[in-house]
Amino acid sequence: MTKRFRPEDIERMMGHLRSMGAPFGIAFADRPLLSNSRLALQAAEFSREHGKFEPFHAALFAAYFSHGLDIGNLDVLKQIGQDAGLDIEAMAYDLHRGKDLPKLAEAQEESVRLGATGVPTFFIGEKKSVGGAAPLDAFRRVLRSAWSGA
């Protein structure tokens with residue numbers, strides 16, 4: 001990760017994440033690497049199609065943010081999938097052939113079109129949004145603005 005971000009930027013980002021997560025009991029591990037999430041996104045689509053999205057998503061979040069695991073690693077994803085009750089051989093097959101890549105590309109194009117600048121991005125009304133790990137006050141401001149028609 002230090003090839004993409006300066007160490008002081010990583011420290012600042014991790015400090016922000018820890019302060020935002022602490023009130024909710026979310027612990028953030030030090031990030032030794034920035035995973036390529038393409039396989040994880042495909043695996044999440046597989047879990048959605050097989051009715052296991054919620055347990056898979058929760059385990060994926062914990063694996064990456066709390067345990068510092070590489071969610072771009074197929075073995076890590078297979079373990080998460082197995083723990084969530086998925087058929088991991090079928091999941092690995094779908095990941096290998098890139099079954100959900102067109103769906104993910106379409107979603108990415110739409111997010112760009114809508115102006116998403118961070119993950120997550122919450123859209124409120126037709127033109128208001130809150131992006132990234134925003135504080136509660138940011139949501140309040142956008143909601144007030146949307147209600148007032150500004």
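Select helix α3, residues 53–66 (helices are DSSP runs of H or I, at least four residues, numbered from the N terminus). At 1.5 Å a residue, its 14 residues should span 20 Å, and the end C-alpha atoms are 19 Å apart, which agrees. The expected span is 1.5 Å times one less than the number of residues.

This is a predicted model: local features need pLDDT of at least 70, side-chain atom pairs count only at pLDDT 80 or more, and totals for chains, interfaces and linings use all residues. Residues are numbered from 1 along each chain as its sequence is written, and side-chain values use heavy atoms, leaving out hydrogens and water.

Which residues of α3 are buried? Pick Phe53, Phe56, Leu60, Ala63 and Tyr64. Buried means under 20% relative accessible area, exposed over 50%, partly exposed in between (1.4 Å probe, protein chains only). Now show α2 (38–49), α4 (74–83) and α5 (88–97): what covers those buried residues includes these helices.

Step just past α3 to Gly68. Here phi is positive, about 70 degrees.

Go to Ser47 in helix α2. Is Ser47 buried or exposed? Ser47 is buried, with a relative accessible area of 0%. Not counting residues up to four places away in sequence, Ser47 touches Lys52, Phe53, Phe56 and Leu86; contact means heavy atoms within 4.5 Å. A polar atom of the Ser47 side chain lies 2.7 Å from the backbone oxygen of Ala44.

Last stop: Leu39, also in α2. Leu39 is partly exposed, at 24% relative accessible area. Leaving aside neighbours within four places in sequence, Leu39 contacts Gly72, Leu74, Leu77 and Leu95.

How values were computed
Helix = DSSP H or I, 4+ residues; strand = E, 2+ residues; numbered from the N terminus. Polar contact = N/O pair within 3.5 Å; in protein donor to acceptor, adjacent residues only side chain to side chain.
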